[in-house]
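Visitor: Could you pick one part of this structure and take me through it slowly? I'm new to this, so please explain the terms as you go.

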Amino acid sequence: SQGRLSVSMKSNPERLFDDHEFGIAQWAYEHKKRAGLNTKTLVSSQWQYWPLTIQTEILGVLAIKPHNPQTISGYERQHLLESFTNIVALSLSSFMK
């Protein structure tokens with residue numbers, strides 16, 4: 001069964017994440033798929049949400065809010081972000097063991 005996400009960040013999460021944004025992050029978590037900015041799912045967000053998965057296990061969601069949305073558009077940059085999120089997920093999984 002899937003759990004619920006909680007926001008973990010150094011700045012004030014209430015200022016950055018309203019119910020709408022949290023709902024998109026929760027969707028990415030539950031469906032193990034990207035959502036938000038520059039995706040085909042829940043595109044009304046200014047953030048892009050990447051599920052952090054190892055095989056079939058979901059560890060969390062990485063939320064990215066660029067200053068300029070063009071900086072994360074395009075196939076090459078999305079591929080780099082995917083590689084980055086895979087590294088983050090691997091690192092988290094080794095911490096969680």
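Guide: Let's look at helix H2, starting with its buried residues: Glu-21, Phe-22, Ile-24, Ala-25, Gln-26, Ala-28 and Tyr-29. Buried means under 20% relative accessible area, exposed means over 50%, and partly exposed is in between, using a 1.4 Å probe and protein chains only. A quick word on the source: this is a predicted model, where local features need pLDDT of at least 70 and side-chain atom pairs count only at pLDDT 80 or more, while totals for chains, interfaces and linings use all residues. Residues are numbered from 1 along each chain as its sequence is written, and side-chain values use heavy atoms, leaving out hydrogens and water.

Now, H2 itself covers residues 19-31, which is 13 residues. Helices here are DSSP runs of H or I with at least four residues, numbered from the N terminus. From first C-alpha to last, H2 reaches 18 Å, close to the 18 Å expected; that expected span is 1.5 Å times one less than the number of residues.

What about the ends? Asp-18 caps the N-terminal end, with a side-chain oxygen 3.2 Å from the backbone nitrogen of His-20. After H2 comes Lys-32, which has a positive phi, near 55°.

Some of those buried residues also turn up in the largest nonpolar core, made of 7 residues: Phe-17, Ile-24, Ala-25, Ala-28, Ala-35, Trp-47 and Tyr-49. H2 gives the most to this core, 3 residues. A nonpolar core is a set of buried Ala, Val, Leu, Ile, Met, Phe, Trp, Tyr and Cys residues joined through side-chain atoms within 4.5 Å. There's a second, separate core of 5 residues too, including Leu-37, Trp-50, Ile-72 and Leu-81.

How values were computed
Helices (H or I, at least four residues) and strands (E, at least two) are DSSP runs, numbered from the N terminus. A polar contact is a pair of N or O atoms within 3.5 Å; within protein, one must be able to donate a hydrogen and the other to accept it, and residues adjacent in sequence count only if both atoms are side-chain atoms.
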